[in-house]
Amino acid sequence: MEALAGFNRKRLAAPVGGNPFLTGIHTPMDEELTLFELSVTGTIPMGLGGRYLRIGPNPVNADPASYHWFIGDGMVHGLAIEAGKALWYRNRWIRSNAVAKALGKEPAPGPRHRFDTVNTNVVGIAGRTFALVEGGSYPVELGEDLADQAYDPFDGSLHGSFTAHPHLDRQTGENHAICYDGRDPGIIRHVVVDVGGQVVREEPVSVRHGPMIHDCAITERFVVILDLPVTFSMKTLIEGHGFPYRWNPEHPARVGLLPRHGTEDDIVWCSVPPGYAFHVANAYDAPDGQVVLDLCVYHTMFDDAVAGPNSRCRGLERWTIDPVRQSVEIETIDSAAQEFPRIDERFFGQPHRFVWSIATPEVPSEQFIGATAIFAHETTTGARTVHDFGPGRFPGEFVFVPESHDAPEGHGWLIGLVVDLPNDATDLVILDARRFAEEPVATIHLPHRIPPGFHGNWFPAGGAR
């Protein structure tokens, strides 16, 4: 099978005009940089000290014919802030075996699992920093300056694949994840990492067709599983495409409520209309026993062989799940196309008021990134506020950072990268979340373009998250 896929991969034709995820705004960086004393417009808040880290695909030697945005070699970008100053910027490839060989460097040490390309998220777990990907590879632990790297299955306590989106329950200190493995399409796993950074649960759940489950949610009672119709495609793999997942209309769309300590026999499965969601904003238990889930949803996803997301997001939605009736009521919070919803994550698994997301093109774009605004949603009123960065300035995911550990919800800053395409540059922008539409509090300028990536987080000084 792999030999046939490799043979067919050589016969694929490159897209006319080039692969959109290797050209234009997505053109990969070709070097690792270390920059000090960065230029700043405005004033960095004195209480903001730590590192902003973000990761994304940055392929070293990609084949334009078979390349898909989701499979590129990982590159992590970091900016350090202290006492009102931008101290440094660094970017480093994740040293997989292939990247290390291409760069003439030693690969990152540590055990491999399935594959070793890691490119999707950077998170803090138990005071340590990990780069993550789903579907196969073990996490990669990162040092303070991003140069020290090691593949680490949580000190050997993780036995299978992990996820790009573990979620921290701040009431217990546990991280919860729903994990799938591309080589085992019949099983997903509920994985729990305890407060000490050790895996204490890998509970199997039987599924069909090998669904791609990118994200999950938690409440006080449940882990919320999104089993939606993007599944493993043997046909796509054999044809030679690098990313073997496609829209599958034969796969029933459903959402599952798994009791935190339950087994697959305890899951309450509820059917939903066909659609796909990469990311949840949050979920929580309502007083009447129902579960409220906010997420960004698409009509379809990967229903042809394009090199990246190919469907318009139908908006930010609220799914109210009734575990007694096994039903789901769907309400549109905002019908604008958008992605990467984030909340004040101190409230993950609890009722929340605010959701922040980035606008995406109303007309599906080959490059996916093509809108210049981010949104702030007040879920109790339905109000939406827009911050537009202006022509040619394209934001990625923004993360919320509270101004103190006990600040009220939404009192703090929003931090994210904005590509300044006309100037082939990038800014790290800091917004006051309570003055969302106003000019940034501070903008840290980088003299080069960072290609659009996936996920980032803030790592406060003295702790990994």
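Start the tour at V419 and T426, because the bridge partner of V419 in β31 is T426, and keep in mind throughout that the model on screen is a predicted one. Extend the selection from V419 to strand β30, residues 412-420, and from T426 to the whole of β31, and you will have two strands that pair in the antiparallel sense over eight bridges. Between the strands of this hairpin lie four residues, and D424 takes a positive phi near 50° there.

Next, keep β31 selected and colour residues 425-432 by accessibility. Eight of the eight residues of this strand are buried, so β31 is largely enclosed by the rest of the structure. To see how both faces are covered, select A425, D427, V429 and L431, which are buried on one side, and then T426, L428, I430 and D432, which are buried on the other.

Now add strand β32, residues 442-446, which runs antiparallel to β31 and is joined to it by five bridges. A convenient place to centre the view is L428, which stands opposite I444 in β32.

From here, move to T129, which is found in strand β7, residues 128-132. Is T129 buried or exposed? Its relative accessible area is 5%, and since buried means under 20%, T129 counts as buried. Show the side chains of T129 and R51 together, and you will find a polar contact of 3.3 Å joining them. On the strand side, T129 stands opposite L142 in β8, and β7 pairs with β8, residues 140-142, in the antiparallel sense over three bridges.

Widen the selection to the sheet around this pair, in which four strands form an open arrangement in the order β6-β7-β8-β9, with antiparallel pairing. At the edges stand β6 (121-125) and β9 (149-151), each with a single partner strand, so one side of each is left without a neighbour in the sheet. If you look along the sheet, neighbouring strands are turned by 30° against each other on average, direction ignored.

The next selection is S357, found in strand β25, residues 354-359. S357 counts as buried, at 3% relative accessibility. Bring up the side chain of Q338 beside that of S357, since the two side chains make a polar contact of 2.7 Å. Then display the surroundings of S357: leaving aside its neighbours within four places in sequence, this serine is in contact with Q338, E339, F340, P341, I374, F375 and H377.

Finish with the cysteines, remembering that the structure holds zero disulfides. Select C270 and draw a distance to C216, whose sulfur is the closest cysteine sulfur to that of C270; at 16 Å, the separation is too far for a bond. C270 is also buried, with a relative accessible area of 1%.

How far is the sulfur of C296 from the closest cysteine sulfur? Select C313, which holds that closest sulfur, and the distance comes to 4.8 Å, which is still too far for a bond, because a disulfide requires cysteine sulfur atoms within 2.5 Å. C296 is buried as well, with a relative accessible area of 0%.

Definitions and conventions
Residues are numbered from 1 along each chain as its sequence is written. This is a predicted model: local features need pLDDT of at least 70, side-chain atom pairs count only at pLDDT 80 or more; totals for chains, interfaces and linings use all residues. Side-chain values use heavy atoms; hydrogens and water are left out. Buried means under 20% relative accessible area, exposed over 50%, partly exposed in between (1.4 Å probe, protein chains only). Two strands pair if DSSP finds at least two bridges between them. A polar contact is a pair of N or O atoms within 3.5 Å; within protein, one must be able to donate a hydrogen and the other to accept it, and residues adjacent in sequence count only if both atoms are side-chain atoms. Axes are lines fitted to C-alpha atoms, for helices over the stretch in contact, and angles run from 0 to 180 degrees between N-to-C directions. Contact means heavy atoms within 4.5 Å.
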